[in-house]
Amino acid sequence: MRARKIIIDTDPGQDDAVAILLALASPELEVLGITAVAGNVPLALTEKNARIICELAGRSDLRVFAGCDRPMKRKLVTAEHVHGKTGLDGIVLPDPVMPLAEGHAVDFLIETLREEAPGTVTLCPIGPLTNIATAFERAPDIVGRVAEIVLMGGAYFAVGNITPAAEFNIYVDPEAAEIVFRSGVPLVVMPLDVTHKALTTRARVEGFRNLGTRVGHAVASWTDFFERFDMAKYGSEGAPLHDPCTIAYLVKPDLFSGRHINVEIETEGRFTTGMTVADWWRVSGREANAMFIGDVDAEGFYALLTERLARL
Ligand code: BDR
Ligand code: CA
């Protein structure tokens with residue numbers, strides 16, 4: 001089987017880190033590059049964190065590009081209250097030695113999509129959609145060349161986490177999200193509805209720690225840190241591991257189920273800016289533009305994650 005070519009667009013973030021590690025541990029996927037964007041923390045930290053993660057996985061050969069340092073039309077909103085000051089709080093890892101790749105992430109996205117055969121590159125955005133939308137605006141010819149976009153963002157039943165109505169990745173750059181959701185590229189969306197069913201538990205975190213490896217220890221430390229915020233907020237036993245759902249879907253789509261529906265992005269709401277208006281009940285008559293995932297086999301998801309992380 002040929003590995004599927006992907007580009008991970010990310011704002012690490014502990015859960016982004018786990019997603020990247022899962023991808024690097026999965027032979028079904030070939031990571032062509034990692035593009036960093038401002039989100040959970042400013043760009044200077046997200047690009048640095050992406051390199052720290054590559055080095056942790058022993059993949060200093062990978063190319064990490066710095067992308068947009070702010071949303072298309074708005075001021076950057078960050079989430080240090082969830083991820084800590086560095087974005088990767090929970091364990092102190094060495095500063096990266098591998099350099100940042102030369103060039104802008106948006107140029108890398110454009111060039112790669114032009115160079116690779118049409119329909120062979122999948123994009124996995126797990127942060128605000130600024131880099132992807134900027135690339136689409138600047139080079140409309142690449143849009144039709146994207147095989148699929150599998151992204152983490154939005155919510156319908158779970159409504160919002162950064163505001164009562166909006167999920168963080170979409171809220172930070174709703175104009176970018178609107179461009180992506182209207183692009184016509186086949187979309188698979190991992191909203192909070194599904195990530196909140198992929199909760200950590202003590203046993204699952206200990207499963208990572210018990211791998212007895214640097215990666216297992218780091219992932220357990222990150223999830224321990226990251227959990228405290230959601231456990232206090234929701235009174236749940238653990239926290240959602242949002243971003244790895246995208247990579248798990250690429251490796252094992254059967255773990256997930258959802259509906260092919262219309263999803264629009266609210267960009268002008270008084271209270272609802274950044275909301276994903278998901279027509280789950282198909283009442284709008286608007287054309288479907290996204291596979292909106294609603295359910296996951298959480299046991300299967302954690303089994304896959306633990307088995308894969310053990311390979312690093
Ligand atoms: C999303 O926002 C970030 O805090 C996480 O990394 C994830 O991508 C969840 O709303
Ligand atoms: Ca993220």
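## A tour from the β1–α1 loop to the ligand site

Begin by selecting Gly13, which is placed in the loop between β1 (4-10) and α1. The model on display is a predicted one. Add Pro12 to the selection: the peptide bond that joins Pro12 and Gly13 is cis, with omega at about -10°. Most peptide bonds are trans.

Next, select ligand 1, which sits in the largest pocket. Display the residues around ligand 1: Asp15, Asp16, Asn40, His83, Ile126, Met152, Asn161, Glu167, Phe168, Asn169, His242 and Asp243. Colouring this shell by class gives three nonpolar, five polar and four charged residues. Colouring by secondary structure instead brings out α1 (14-24) and α6 (168-172), each of which supplies at least two residues of the shell.

Three side chains in the shell merit distance labels. For Asp16, a polar side-chain atom lies 3.0 Å from an oxygen atom of ligand 1. For Asn169, an N or O atom of the side chain is 3.0 Å from an oxygen atom of the ligand. For Asp243, the corresponding label, again from a side-chain N or O atom to an oxygen atom of ligand 1, reads 2.7 Å. Now switch to a surface view: on its own, ligand 1 has 280 Å² of accessible area, and the protein covers 96% of this area.

From the ligand, move to the loop between β5 (146-152) and α6 and select Val159. The backbone is the point of interest here: phi of Val159 is near 60°, a positive value in a residue other than glycine. Most residues other than glycine have a negative phi.

For the last stop, turn to the charged side chains. The whole structure contains 21 salt bridges. Select Glu28 and Arg308, whose side chains form one of these, with an N to O distance of 2.8 Å. Which parts of the chain does this pair tie together? Glu28 belongs to the loop between α1 and β2 (29-36), whereas Arg308 belongs to helix α12 (residues 298-309), so the salt bridge links parts that are 280 residues apart in sequence.

Note on methods: Residues numbered from 1 in each chain as written. Chains lettered and ligands numbered in written order. Predicted model: local features only at pLDDT ≥ 70, side-chain atom pairs only at ≥ 80, totals over all residues. Heavy atoms only, no water. Near = heavy atom within 4 Å. Polar contact = N/O pair within 3.5 Å; in protein donor to acceptor, adjacent residues only side chain to side chain. Areas by Shrake-Rupley, 256 points an atom, 1.4 Å probe, with all protein chains shown as cover. 1 Å grid on protein atoms, 1.4 Å probe; cavity = no way out; pocket = protein on both sides within 12 Å on 5 of 7 lines; lining within 4 Å. Sits in = over half its atoms within 2 Å of the grid points. Helix = DSSP H or I, 4+ residues; strand = E, 2+ residues; numbered from the N terminus. Nonpolar A, V, L, I, M, F, W, Y, C, P; charged D, E, K, R; others polar. Salt bridge = Lys/Arg side-chain N within 4 Å of Asp/Glu carboxyl O.
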